[in-house]
Amino acid sequence: MVKNPTIAFLGAGSMAEAMIAGIVATEQTPPNHIIVTNRSNTARLVKLHNKYGIQGIKQEHLSFDKIDVFILAMKPKHAQAVLQSLKHHIRPNQLILSVLAGISTAYIENYLHEGQQVIRVMPNTSAMIQESATAISAGIYTTANNVGYAQTLLQCLGEVYIIDENHMDIFTGIAGSGPAYFYYLMEHIEAVGKEAGLDSEVVRNIGAQTILGAAKMIMQQNDTPAELREKVTSPNGTTAAGLAALKKHGGGRAIAQAVKDAAKRSQEISAQLRKETKTV
Ligand SMILES: NC(=O)C1=CN([C@@H]2O[C@H](COP(=O)(O)OP(=O)(O)OC[C@H]3O[C@@H](n4cnc5c(N)ncnc54)[C@H](O)[C@@H]3O)[C@@H](O)[C@H]2O)C=CC1
Ligand SMILES: O=C(O)[C@@H]1CCC=N1
């Protein structure tokens, strides 16, 4: 990878913004080396330019040959059209990072030039505050040097895990979609706290601090989640009553099913796109 590469995001939605925010905050890449583009929403590009100092450029004005790294950040359903058009503008040694859920490196390679360097990436929106859990899997043509570059770039968004691409769907179910499960949990905690008379902002902070503390305990102590849970749970105490309710109402099963169904959806997106490709 060249020194100070130029990075172009194709897609300017929530995930692109979270990654831009993380990269800019850590000064990993100068803002004038970051370009964001979308199909038509110029107001969004202006907003991102004003907020982060990066360049917002309409796709038709993008100088593709000056880009070192493309980050695909549109919805998976737009992948095929984007890849078909991208092929006319790029060279195999330009690195493609794709954050598209359910889209394999093989699918992307198939649309681009032989030898195209591709890395599949699964971040989450906590990239915005450098707390993402991000997985990467390299395609067959990608050099170790470029994997190293991607790892360094993405480390400014949080923790990076190099995983086998076969595990991308389950990783997506756990970490890509994961923040939403915790937000959902907190919405419910907040509602109950409010119902009991607590100020909603106060109860929101209490819930967040409780989750943050529990997460840090897991990261910083050697105990397993089950051991930590046992340490909170006094015989016949309040936690035992709370956990009994979770058991009775299928709390554990619900979480496990959420992860499985999100992973399954990632597989379905893959299968659907493969099918569409065969029928084209
Ligand atoms: N939101 C999340 O938490 C995560 C999202 N992802 C992946 O990131 C991708 C984007 O997701 P979001 O940002 O949530 O979606 P979004 O809907 O917020 O943003 C999609 C962006 O793509 C743009 N776009 C549409 N067609 C385009 C085209 N032909 N060329 C260039 N840009 C085009 C849209 O204008 C929009 O700016 C998806 O593929 C998703 O699977 C991955 C991990 C987490
Ligand atoms: O919901 C989605 O499909 C994307 C991928 C992971 C998180 N959000």
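**View 1. Helix 1 gives the largest share of the shell around ligand 1, three residues.** In this predicted model, local features need pLDDT of at least 70 and side-chain atom pairs count only at pLDDT 80 or more, while totals for chains, interfaces and linings use all residues. Residues are numbered from 1 along each chain as its sequence is written, and chains are lettered from A and ligands numbered from 1 in the order in which they are written. Helices (H or I, at least four residues) and strands (E, at least two) are DSSP runs, numbered from the N terminus. Helix 1 (14–25) and helix 3 (79–86) each bring at least two residues to this shell. What are the closest residues to ligand 1? They are Gly11, Gly13, Met15, Met74 and Ala101, out of 25 that surround the ligand; a residue counts as near if its C-beta atom, placed from the backbone, lies within 6 Å.

**View 2. The shell around ligand 1, sorted by class, has 14 nonpolar, nine polar and two charged residues.** Here Ala, Val, Leu, Ile, Met, Phe, Trp, Tyr, Cys and Pro count as nonpolar, Asp, Glu, Lys and Arg as charged, and the others, Gly among them, as polar.

**View 3. An open sheet of eight strands follows the order 3-2-1-4-5-6-7-8, with mixed pairing.** Two strands pair if DSSP finds at least two bridges between them. Strand 3 (55–56) and strand 8 (158–162) are at the edges with a single partner strand each, so one side of each has no neighbour in the sheet. Helix 1 packs on the sheet and touches strand 1 (7–10) and strand 2 (34–37). The direction of helix 1 makes about 165° with that of strand 2; axes are lines fitted to C-alpha atoms, for helices over the stretch in contact, and angles run from 0 to 180 degrees between N-to-C directions.

**View 4. Strand 5 (residues 95–98) and strand 6 (residues 118–122) run parallel, joined by three bridges.** Look for leucine 97, whose bridge partner in strand 6 is isoleucine 119.

**View 5. The largest nonpolar core has 57 residues.** Such a core is a set of buried Ala, Val, Leu, Ile, Met, Phe, Trp, Tyr and Cys residues joined through C-beta atoms within 7 Å, where buried means that 20 or more other C-beta atoms lie within 10 Å of the residue's own, placed from the backbone. Phe9, Leu10, Ile20, Val36, Ile71, Leu72 and Ala73 touch the most other members. Helix 1 supplies the largest share of this core, six residues.

Methods. Contact = placed C-beta atoms within 7 Å. Buried ≥ 20, exposed ≤ 12 C-beta atoms within 10 Å, placed from the backbone.
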